[in-house]
Each structure stands twice: as C-alpha cells, then as structure tokens.
Amino acid sequence: MLTIINAFFINLCILFTLFTISFLPFRNRPRLTPQSPLKGRILLGVQTGLIAILLLVNALPLEGVLIDLRAIPIMLAVLFGGWVSGTVAGIIYLIGRALVVWYTNGAMIGLYLAFSTMFVLVGSISILRKRMDNTRPTLLVFTTISIAIFGAALYAALPLNLFYPVLIVYMLMSYGGACAAYRLLLELRRHFENVQHQQQLARTDALTGIANRRLLNEAMANLTVEAEEYALILVDIDHFKRVNDTYGHDVGDDVLRELGMLLVNESDERHLVGRFGGEEFLIVMPHATRDEVSRLAESIREKVSTFPFETSAGTLHITVSLGACHSNDIEIDSVLKHADEALYHAKESGRNRFILAS
C-alpha cells in the first residue's frame with residue numbers, strides 16, 4: 001500500500017512540475033481553446049505527449065501492469081486544445097511507448113493494448129469535447145471514459161482476482177490526479193491573469209484609462225529599433241487652468257477622460273495614445289508618413305473644437321493645440337524635443353492650431 005501511495009505522489013509531483021514549467025512560456029498569452037491558432041494547439045500536444053512519456057517511465061508495476069497518470073496530460077490536451085492537441089499528444093506518447101518496449105524487450109501485447117486504448121480514448125473524448133466546455137466536470141467525464149477503456153484492457157489481460165484490485169488503484173489515482181492537475185492549471189491561469197492585470201495597471205493612467213507615461217516611454221524606446229519612420233504628436237488643452245478654476249477639478253477630470261477617449265477613437269490601432277502629464281497627451285505613431293501625421297493632427301483639432309464634452313457641470317467646449325515631429329533618422333529624444341517646441345509655437349501663435357516641426 002505504501003508503494004502505491006509513493007508512486008501516486010511521485011507521478012503527481014512530475015505532473016505538477018512539468019505542467020508548471022511547460023506553461024510558463026504561455027503566461028502572457030490568451031487562454032488556449034480548440035479555436036486557437038494551429039501552432040499553439042500542436043505545441044500543447046507535443047508538451048503533454050512528452051509529459052505522458054515521462055509519467056510512463058515512472059509508472060508503478062502492479063501485477064505486471066504499469067499504473068500511472070499518463071492519460072491525464074492526454075485528456076488535458078483534448079480539454080484545452082481539442083482533437084488536434086490530443087492527437088499529437090497521443091502519437092508522441094505511442095512513439096515513446098514503442099521505444100520503451102523495444103529498449104526493454106517488453107511484451108508486444110502491452111504495446112498493442114496501448115495503441116488500441118489510446119486510439120479509442122482520444123477519439124471518444126475528442127468527439128465529446130465538441131459538445132462540452134473545459135471545466136472540471138468535463139475532465140471527470142473524460143477520466144471516467146479513460147478508466148472504462150483501461151478497465152476493459154485490464155479485464156482482457158488479468159484474472160479476476162487481480163483485475164479488481166488493480167482497477168481500484170487505477171481509479172483512485174486517475175480521479176485524484178485529474179482533480180489535482182485541473183486545480184493546478186486553474187490556479188496557474190488565475191495567477192498569470194492577475195500578473196497580466198497588475199502589469200496593465202502599471203502601464204495605464206488611473207484617471208483616463210489610457211496609456212500612462214511609463215508605457216509611452218517604453219513605446220518610444222522601441223521606436224528607433226522597430227520603426228524606420230515614425231512621428232510623435234503632443235496634444236495640449238487650451239486654457240485648461242481656466243476650466244479647473246471655473247468649474248472645479250472634478251469637471252477638469254471629466255474633460256481629460258473624454259478627451260483621452262476621443263484621441264483613441266480618432267487614432268489608428270497601431271498608434272499608442274497616452275496621457276503624458278497634466279493636460280498633455282502624446283500620440284506615438286510608428287511607420288507614419290508626414291502626410292499621415294498632418295491628417296491625424298488636423299482631424300483631432302477639428303473634432304475637439306466641435307465636440308460637446310459632457311461633464312458634471314454641463315456641456316463644455318474646448319480647443320487643443322498640437323505640436324508634432326516626424327523622423328526617419330533622428331533620435332527619439334530630439335523628436336520629442338522638436339514636437340514640444342512645435343506645441344509651444346502653436347500655443348504662442350494663437351492656440352487651437354497644429355504645427356509640424358520641420
């Protein structure tokens with residue numbers, strides 16, 4: 001009995017350790033589903049197939065039968081990646097099983113049973129997965145099917161006096177391992193999503209919900225590496241102090257929030273819009289031409305000048321001044337400096353205007 005318990009916990013430790021290590025590269029990626037890109041599903045199948053082989057190598061020999069948790073990574077592959085992941089995992093496992101038989105001069109009957117049971121297991125749960133979601137009850141249904149298939153193989157290979165004890169051990173290990181493995185993956189996903197959320201908060205302006213200065217600085221640092229041609233647009237609210245003094249800072253915050261959303265809506269998806277500080281916003285434009293910069297800046301200026309800003313004090317109308325600099329060979333610090341100078345000239349020459357630095 002102690003040997004069985006030790007074998008179970010060894011298999012469980014292997015499962016936990018390998019799942020944790022293999023899932024770390026995906027911590028910043030969306031959750032894998034049967035509709036995910038093919039490359040990701042194949043990679044999941046490769047990972048789970050290799051885990052199944054390592055579990056097989058550490059299997060518990062019980063009455064001539066190898067007892068382990070090898071079916072669990074295969075079932076998890078189908079649960080999260082669909083039939084593609086399950087098929088890849090099954091093929092890799094069977095290759096490993098064949099190598100074990102060849103290396104140890106094992107009985108071929110075991111290999112034949114492995115091929116037949118794996119084929120039936122992956123096929124049946126793949127069909128069921130199309131009608132079920134990736135929850136614990138679904139995994140338990142898969143586990144029940146796995147036990148039934150493995151039990152049929154045991155019934156054909158063992159006498160009845162050995163069949164029942166081996167089947168009971170396999171049932172306990174399978175249900176316990178499946179629940180524990182699912183719980184581990186659930187906690188890993190929650191942890192990864194929490195880390196992603198914290199990272200997002202660290203790069204988001206708390207007032208406007210758009211990029212903050214930290215994220216803008218990171219984006220600008222990557223411009224000289226990733227973009228051959230780029231531009232920066234600085235946007236500043238005209239007479240914003242007057243808004244705060246007249247209506248209060250809460251109304252000023254309303255204006256900032258609405259302006260942030262307006263800038264995001266007017267800009268392209270490849271642009272990064274963020275609050276640079278106070279009432280000043282910055283638009284980072286990788287791979288942008290001078291004409292694109294001018295069109296976007298003028299579009300923003302015109303849209304803001306006619307846009308009704310709904311605040312707690314009623315509808316307000318504001319204007320903005322914009323300064324920009326386009327570059328294909330100047331360092332980012334110089335580009336930002338030129339854009340700031342252009343914004344200063346736009347303010348000094350009457351406000352509600354756009355100047356593109358030469």
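Let me begin with helix H5, residues 136–157, where the 22 residues should span 32 Å at 1.5 Å a residue, and where the end C-alpha atoms are 31 Å apart, which agrees. Please keep in mind throughout that what we are looking at is a predicted model. In H5 a number of residues are buried, among them Leu 139, Phe 142, Ile 147, Phe 150 and Leu 154, and the buried set also includes Thr 138, Thr 143 and Ser 146.

Now let us put helix H3, residues 71–104, beside that. A straight helix of 34 residues would span 50 Å, again at 1.5 Å a residue, but H3 spans only 22 Å between its end C-alpha atoms. Where in H3 should we look for a kink? The kink is centred on Gly 81, and the angle there is about 150°.

Gly 81 also brings us to Leu 44, a residue of helix H2, which covers residues 38–57. Is Leu 44 buried or exposed? Leu 44 counts as buried, because its relative accessibility is 6%. If we set aside the neighbours within four places in sequence, Leu 44 is in contact with Phe 23, Leu 32, Ala 77, Phe 80, Gly 81 and Ser 85, so that the residue on which the kink of H3 is centred is one of the contacts of Leu 44. For a sense of distance, Leu 44 and Val 88 are separated by 44 residues in sequence, while their C-alpha atoms are 8.5 Å apart in space.

Let us move on to a loop, the one between helix H6 (160–202) and helix H7 (213–226), in which we find Thr 208. Thr 208 is buried, because its relative accessible area is 7%, and its side chain is joined to the side chain of Asp 205 by a polar contact of 2.7 Å. Leaving aside the neighbours within four places in sequence, Thr 208 is in contact with Leu 256, Arg 257, Met 261, Arg 275 and Phe 281.

Two of those contacts, Arg 275 and Phe 281, take us to a pair of strands. Strand E4 (residues 272–277) and strand E5 (residues 280–286) run antiparallel, and five bridges join them. What is the bridge partner of Val 273 in E5? The partner is Ile 283. The hairpin that E4 and E5 form has two residues between the strands, and in this hairpin Gly 278 takes a positive phi near 60°.

A positive phi also appears in residues other than glycine. His 287, in the loop between E5 and H10, has a phi near 55°, and His 287 counts as partly exposed, because its relative accessibility is 48%. Asn 352, in the loop between helix H11 (332–348) and strand E9 (354–357), has a phi near 50°, and with a relative accessibility of 28% Asn 352 likewise counts as partly exposed.

The last topic is charge. Side chains of opposite charge can pair when their charged atoms come close, and a search of the whole structure finds 14 salt bridges. One of them lies just ahead of the hairpin in our tour: Asp 268, found in the loop between helix H9 (249–266) and E4, forms a salt bridge with Arg 270, with the closest N and O atoms 3.4 Å apart. Asp 268 has a further link to Arg 270, since a polar atom of the Asp 268 side chain lies 3.1 Å from the backbone nitrogen of Arg 270. Asp 268 is partly exposed at 37% relative accessibility, and Arg 270 is partly exposed with a relative accessible area of 37%. By contrast, Asp 268 and Val 84 are 184 residues apart in sequence and 36 Å apart in space, C-alpha to C-alpha.

Another salt bridge joins Glu 298 to Arg 301, with the closest N and O atoms 3.0 Å apart. Why might these two face one another along helix H10, residues 290–306? Glu 298 and Arg 301 are three residues apart in that helix, and so they are separated by about one helical turn. In general, an α-helix has 3.6 residues a turn, so residues three or four places apart point the same way. Glu 298 counts as partly exposed at 27% relative accessibility, whereas Arg 301 is buried, because its relative accessible area is 17%. Arg 301 also forms a salt bridge with Glu 302, where the closest N and O atoms are 4.0 Å apart, and Glu 302 counts as partly exposed at 46% relative accessibility. Elsewhere, salt bridges that share partners join Arg 183, Glu 187 and Arg 190 into one network.

Definitions and conventions: Residues are numbered from 1 along each chain as its sequence is written. This is a predicted model: local features need pLDDT of at least 70, side-chain atom pairs count only at pLDDT 80 or more; totals for chains, interfaces and linings use all residues. Side-chain values use heavy atoms; hydrogens and water are left out. Two strands pair if DSSP finds at least two bridges between them. Helices (H or I, at least four residues) and strands (E, at least two) are DSSP runs, numbered from the N terminus. A salt bridge is a side-chain nitrogen of Lys or Arg within 4 Å of a carboxyl oxygen of Asp or Glu. Buried means under 20% relative accessible area, exposed over 50%, partly exposed in between (1.4 Å probe, protein chains only). Contact means heavy atoms within 4.5 Å. A polar contact is a pair of N or O atoms within 3.5 Å; within protein, one must be able to donate a hydrogen and the other to accept it, and residues adjacent in sequence count only if both atoms are side-chain atoms. The expected span of a helix is 1.5 Å times one less than its number of residues. The bend at a residue is the angle between axes fitted to the seven residues ending there and the seven starting there.
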